[in-house]
Amino acid sequence: METKIIQEDPWDKLRSFSKARIALGHVGGSLPLREVLDFKLAHANAKDAIKSELEVEKIMAQLAVYQLPIFQVKSQIENRNQYLKRPDLGRKLCQESVDILKASQDSFDIVFILADGLSAEAINSHAVEVLNQILPELAVNYKIGIVVATQARVALGDEIGELLNAKFTAILIGERPGLSSPKSMGIYTTYAPKMGLTNESRNCISNIHEDGLNYSESAEILHYLINESFRRQLSGVNLKLDLAKLNLDEPNNLPK
C-alpha cells in the first residue's frame, strides 16, 4: 500500500505571527466557506466601527475622578454620512463649541482630546485605560484639561488647543478600521498647537488595540513624547523616539 506524504505548507507557520489573510486554503478554485464567512464578518465589523458612537457620558464619568476641567465639543459635521464626505468640516469646531472653549478663559499645559474619528468604539474601549496609566503622574507637574469631541478629525485638536491656550495637545482618536483591527486607536501629539498646522508638526502613536500596542507601551511612548516636546519645545518630524530611553516589553511593536 502506497503511503501518501503530506508536505507542510511553509505559509502555515506565518499565520501564528500575523492576522493577515494568508494560507487560507482552497476548495477547488474557491476559498473555503469558513474563510469567506470570516471575511464578510470582518468587513461588517469594520463598517459597524465607522458608524459607532462615542459613549460621551460614560467617558466623562470615568474621567471625573481626576477632578480636571472637562469640555464637550463637536465639529461642524451634522451626521456620519457627511463626516465621510466632508473631512474638512471635521477639522473645524461648530460655533457653539468655539463659544464654550472661549468662555473658559483659561490656559493649560496639556489638553487631552478624546475624539471618535473613524472608530468611536476604539475610544470607548481604550482611551480611558491609556489615560489611567499616565494622568496620575502628569497631574503633579502639568496643568491638564480634557476635551471629548464628536465627529472629529485629527486637525480639530489644533483649534481646540489654540482656543484653550494649550502648550501641548494629545488627541486620542479612532483609526480607520481594518479587517483585523476595527477598534484600533491612534494618538497624535502636537507642541504649540494652532490652526493651520499640517501633519509634519505632529507625532503619532498608532495601532493601540488588543493585538497591537498595549496600554502600558502606549503610555510609555506618550509620556516620552510629552517630556521631550516640553524639553525641546517642538514636535513632529524633528522629534524622534530614542529607544534607549523607552522601557518596552516588545520593541518590535514600536511605531516606525
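What is the volume of the largest cavity? I put this to the model, which is a predicted one, and I read off a volume of about 30 Å³. I also noted that the structure holds one cavity of 30 Å³ or more.

**Entry: the cavity lining.** I then listed the residues around the largest cavity and found V154, G157, D158, T169, I171, Y188, T190 and R202. Sorting this lining by class, I counted three nonpolar, three polar and two charged residues. When I asked which elements contribute, I found that α7 (156–163), β4 (166–174) and β5 (185–191) each supply at least two residues of the lining.

**Entry: the pocket.** I turned next to the largest pocket, for which I noted a volume of about 370 Å³. Its lining is made up of 21 residues, and I wrote down K19, R21, D38, L179 and S180 as those that lie nearest the centre of the pocket. By class, I recorded seven nonpolar, five polar and nine charged residues in the lining of the largest pocket.

**Entry: helix α3.** Which residues of α3 are buried? Going along this helix, which covers residues 56–63, I marked V56, I59 and L63 as buried. Looking down the axis of α3, I saw that its buried residues fall within an arc of 70 degrees, so they line one face of the helix. On the other side of α3, I found E57 and A61 to be exposed. I also looked up what the buried residues of α3 pack against, and I noted two helix or strand stretches early on, β1 (70–74) and β2 (108–115), followed by α6 (120–141) and β3 (144–150).

**Entry: L131.** Since α6 is among the packing partners of α3, I picked out L131, which is found in helix α6. Is L131 buried or exposed? I took L131 to be buried, because its relative accessible area is 0%, where the cut-off for buried is under 20%. Leaving out residues up to four places away in sequence, I listed the residues that L131 touches as L63, Y66, F112, L114, P136 and L172. One of these, L63, is a residue I had already marked as buried in α3. Finally, I checked L131 against S218 and noted that the two are 87 residues apart in sequence, while in space they are 9.7 Å apart, taken from C-alpha to C-alpha.

Key
Residues numbered from 1 in each chain as written. Predicted model: local features only at pLDDT ≥ 70, side-chain atom pairs only at ≥ 80, totals over all residues. Heavy atoms only, no water. Buried < 20%, exposed > 50% of the residue type's maximum accessible area, 1.4 Å probe, protein only. Helix = DSSP H or I, 4+ residues; strand = E, 2+ residues; numbered from the N terminus. Arc of directions from axis to C-beta. Contact = heavy atoms within 4.5 Å. 1 Å grid on protein atoms, 1.4 Å probe; cavity = no way out; pocket = protein on both sides within 12 Å on 5 of 7 lines; lining within 4 Å. Points joined across faces, edges and corners; volume = space filled by probe spheres on them. Nonpolar A, V, L, I, M, F, W, Y, C, P; charged D, E, K, R; others polar.
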